[in-house]
Amino acid sequence: LVLCDLNIPGWPCDEILASVRASAPAARVVLLTGAPPPGDAVLPVVDALLLKDRLPDLPALVRRLLPG
């Protein structure tokens, strides 16, 4: 499971996601953000988008993404 913030200074999110998908294509990816990203360019490569004000929902989201 990879948790990635949309805005990491010096680390473009699209590069991080491309690296994750190249090295671990089956990894589940959750994108964390303070506000939804403009457009939907990153959404096809993530399994879930979680707004930071919804962080209390993270445990349930992890259980859904990693059953068992």
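Start with the contact map of this predicted model: among contacts in the protein chain with a separation of 6 or more, 42% join residues 24 or more positions apart.

Now show the whole chain as a cartoon. You'll find two helices and five strands, and walking from the N terminus the order is β-β-β-α-β-β-α. The radius of gyration is 12 Å, close to the 11 Å that the globule rule gives for 68 residues, so the chain is as compact as a globular protein of that length. Line the C-alpha trace up on its principal axes and it spans about 30 × 30 × 20 Å.

Switch on the surface next. The accessible area comes to about 4400 Å², with 61% of it belonging to carbon and sulfur atoms. Color by burial, and 29% of the 68 residues turn up as buried.

Next stop: select residues 13–23, which is helix H1. Show side chains for Cys13, Ile16, Leu17 and Val20, and you have buried residues of this helix. Why do they sit on the same side of H1? They cover an arc of only 95° around the axis. To see what lies over them, add strands S1 (2–5), S2 (7–8), S3 (11–12) and S4 (29–33), which are among the elements covering these buried residues.

Spin the helix around. On the face turned away from the buried side are the exposed residues Asp14, Glu15, Ala22 and Ser23.

Zoom in on Ser23. Is this residue buried or exposed? It counts as exposed because its relative accessibility is 62%, where the cut-off for exposed is over 50%. Its side chain reaches the backbone oxygen of Ser19 at 2.9 Å. For a longer distance label, pick the C-alpha atoms of Ser23 and Cys4: these residues are 19 apart along the chain, and the two atoms are separated by 15 Å.

Last, go inside. In soluble globular proteins, nonpolar side chains tend to be buried together. Here, select Cys4, Leu6, Cys13, Ile16, Leu17, Val20, Ala27, Val29, Leu31 and Val46: these ten residues form the largest nonpolar core. Which elements each supply at least two residues of this core? They are H1 and S4, and H1 gives the largest share, with four residues. Then pick a new color for a second, separate core of seven residues, including Val30, Leu32, Ala48 and Leu65.

Terms used
Residues numbered from 1 in each chain as written. Predicted model: local features only at pLDDT ≥ 70, side-chain atom pairs only at ≥ 80, totals over all residues. Heavy atoms only, no water. Buried < 20%, exposed > 50% of the residue type's maximum accessible area, 1.4 Å probe, protein only. Arc of directions from axis to C-beta. Contact = heavy atoms within 4.5 Å. Polar contact = N/O pair within 3.5 Å; in protein donor to acceptor, adjacent residues only side chain to side chain. Core = buried A, V, L, I, M, F, W, Y, C linked by side-chain atoms within 4.5 Å. Rg over C-alpha atoms; globule rule 2.2 N^0.38 Å. Areas by Shrake-Rupley, 256 points an atom, 1.4 Å probe, with all protein chains shown as cover.
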